[in-house]
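Hi,

Here is the structure I promised to pass on to you. Have a look at it first, and then read on for what turned up when I went through it.

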Amino acid sequence: TAQVSTFCNTKKAKIMLLTLLFSYLGFGMWILSKLKIATSTLQTLLFSLFISIALITTTIAFLGPVLGTNGYYLLFVTGVLGLTQYKKLLEFFIKSAQAIVRNKLIVAVLVFSMIALSSTMILSVTTPVGDLKLQETHDSVWHIALMENLQKTIPPQHPSQSTITLNNYHYLYDLFLSSFLTFYNVSSYTLYFQYSVLFLSGLLVLSAYELARAIHSKFAGVVLAVTTVFTGSFAYLIPYFNPIQGWHESSFWVSQTFVMIVNPQVIYTLALTLMCLLLFYKLSLSTPLQKIYLALHLAVILLCATSIGFKSYSWVILSVLYASVLLIELIRHRSFTTIVVGVGYLLFCVPLLWLITKFAGNTFCYHPLWFTNSMIESPDRVNYLQWKFLQDHYVLKKNIPRLFLLEAKKIAIFYFGNLGIRSFFIFLPLIFILKKN
């Protein structure tokens with residue numbers, strides 16, 4: 001029997017749930033009450049968790065060099081603040097129960113999606129004699145080693161070389177899980193393979209649903225949640241164009257959601273990105289003259305800037321998206337406040353960048369179109385070397401128009417290939433505009 005079924009019946013599970021409830025969810029609600037951002041019941045849950053996890057883990061990481069693992073006692077402070085929100089927590093659970101009763105079919109679809117997504121990991125078990133039967137061992141062993149390491153020192157030592165302090169790596173989600181190991185005698189395998197998987201599946205499915213529901217409708221929310229989990233790339237079409245080439249889920253470079261529960265940072269930051277998009281949408285409905293404008297930006301700055309500690313790639317993507325939002329706002333409103341907010345974001349990112357990189361080593365390498373080039377050239381991906389030769393030829397001959405056209409084709413293949421049928425949603429904004437007119 002999987003340990004999760006035994007573990008759920010123990011007092012430790014209940015105490016851990018209370019920690020998540022008050023130290024994280026309750027604390028997040030306390031922060032939201034200070035920001036005074038209007039949210040739905042589901043948005044309250046998601047924003048509270050993301051904001052509290054970002055603040056708590058980042059603070060513990062900064063305190064690490066001074067306090068070491070004693071920094072985990074910060075959870076007692078946030079737990080006390082979370083307890084002050086007991087009335088809101090009670091109201092939240094009542095509203096949630098009512099919403100579940102009203103939307104049984106939607107809830108069933110979302111729960112099925114969560115179960116399906118978690119099934120690729122959660123069936124890992126430990127047998128009564130201590131044997132491990134794991135569904136995945138590559139990324140999982142690394143993260144479990146980090147969780148164990150973060151019980152001894154913050155920042156952690158390199159799992160492969162104990163004499164080296166880990167640098168240029170996003171370990172804050174591992175620190176989040178390690179915060180539970182500190183106070184509760186729970187197996188790191190159980191925590192990682194079962195509880196974390198359920199938590200991440202719920203975050204992603206609910207974030208996808210709430211983003212589309214808030215922007216359009218409940219039906220759109222269900223569509224986005226289901227397509228996020230179950231739809232894949234167009235990799236199966238590769239043999240039609242190149243009969244000798246095999247295919248797999250990441251033939252166009254990007255791994256698909258359904259198999260990425262093995263990489264907790266990817267799932268966590270994908271859900272985080274969806275909620276940041278929702279904040280961007282809320283920003284588009286506000287102006288610099290409204291009080292909510294700065295509150296929304298504070299939430300965005302906190303979530304986007306701290307994302308470097310959860311997945312550095314997500315920080316780059318979110319920073320580019322946020323810069324685009326700020327540029328559009330500056331053009332629309334021509335407000336000095338927008339400039340101040342942008343400068344504030346850059347200043348807030350500096351210490352966080354130092355936290356993860358220490359400004360040492362090759363942190364980020366600027367290599368334009370690396371993704372598309374490697375997708376075309378790699379033997380285990382598209383493997384269409386003719387385009388590589390054409391690219392070299394156009395560069396040598398300085399044939400810029402042909403080179404531009406070739407790169408545009410590769411970007412189109414990268415986009416449509418990876419997203420599969422989801423890529424057609426790019427036309428939805430145009431449809432909405434035409435309907436309004």
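Let me begin with Asp392, which is partly exposed because its relative accessible area is 39%. Its side chain forms a salt bridge with Lys388, and the closest N and O atoms of the pair are 3.3 Å apart. Asp392 and Lys388 are 4 residues apart in helix H17 (residues 385-397), so about one helical turn separates them. Lys388 also counts as partly exposed, at 24% relative accessibility. The pair does not stand by itself: Glu377, Lys388 and Asp392 are linked in a network of salt bridges.

Please keep in mind that this is a predicted model.

In total, the structure holds 5 salt bridges. As a general reminder, side chains of opposite charge can pair when their charged atoms come close. Two more of these pairs are worth a look. Glu91 and Lys95 meet through their side chains, with an N to O distance of 3.1 Å. Both lie in helix H5 (residues 86-102), where they are 4 residues apart, about one turn of the helix. Glu91 has 40% relative accessibility and counts as partly exposed, and Lys95 is partly exposed too, with a relative accessible area of 38%.

The other pair is Glu210 and Arg213, whose side chains form a salt bridge at 2.7 Å, N to O. These two sit 3 residues apart in helix H9, again about one turn of the helix. Here the two partners fall into separate classes: Glu210 is buried, with a relative accessible area of 1%, whereas Arg213, at 25% relative accessibility, counts as partly exposed.

Now for the chain as a whole. The protein chain contains 19 helices and 2 strands. Of its 437 residues, 48% count as buried. The chain exposes about 22500 Å², and carbon and sulfur atoms supply 70% of that area. Among contacts with a separation of 6 or more, residues 24 or more positions apart account for 71%.

Next, the interior. The largest nonpolar core has 101 residues, and the members that touch the most others are Tyr171, Leu175 and Tyr322. Helix H9 (residues 188-215) gives the most to this core, contributing 13 residues. Apart from it lies another core, of 11 residues, which includes Ala235, Met375, Trp387 and Leu406.

What does Tyr171 touch, once its neighbours within four places in sequence are left aside? Its contacts are Ala61, Leu146, Leu150, Pro155, Pro156, Gly309, Leu355 and Ile356. Leu355 turns up again in the surroundings of Thr58, which is in contact with Ile53, Leu172, Thr306, Leu352 and Leu355, leaving aside neighbours within four places in sequence. Thr58 lies in helix H3 (residues 41-67) and counts as buried, at 7% relative accessibility.

Helix H4 (residues 74-83) makes a nice example of a two-sided helix. Its buried residues are Leu75, Thr78, Gly79 and Gly82. They cover an arc of only 110° around the axis, which puts them on the same side of H4. On the other side of H4, Phe76 and Val80 are exposed.

On the outside, you will find a nonpolar surface patch of about 560 Å², made by Leu330, Phe336, Ile339, Val340, Val343 and Leu347. Helix H15 (residues 336-357) gives the most to the patch, with 5 residues. Leu330, by contrast, is placed in helix H14 (residues 312-333). Its relative accessibility is 32%, so Leu330 counts as partly exposed.

One last spot to look at is Pro288, in the loop between helix H12 (264-284) and helix H13 (291-306). Not counting residues up to four places away in sequence, Pro288 touches Tyr293, His333, Ser335, Thr337 and Thr338. Pro288 and Thr338 are 50 residues apart along the chain, and their C-alpha atoms are separated by 7.5 Å.

Happy to go through any of this with you whenever it suits.

Best wishes

Definitions and conventions
Residues are numbered from 1 along each chain as its sequence is written. This is a predicted model: local features need pLDDT of at least 70, side-chain atom pairs count only at pLDDT 80 or more; totals for chains, interfaces and linings use all residues. Side-chain values use heavy atoms; hydrogens and water are left out. Buried means under 20% relative accessible area, exposed over 50%, partly exposed in between (1.4 Å probe, protein chains only). The arc is that of the directions from the helix axis to the C-beta atoms. Patches are made of residues with over 30% relative accessible area and no salt bridge: like charges are joined within 9 Å, nonpolar side chains (Val, Leu, Ile, Met, Phe, Trp, Tyr) within 5 Å. Accessible areas come from the Shrake-Rupley method with a 1.4 Å probe; for residues, only the protein chains shown count as cover. A salt bridge is a side-chain nitrogen of Lys or Arg within 4 Å of a carboxyl oxygen of Asp or Glu. A nonpolar core is a set of buried Ala, Val, Leu, Ile, Met, Phe, Trp, Tyr and Cys residues joined through side-chain atoms within 4.5 Å. Contact means heavy atoms within 4.5 Å.
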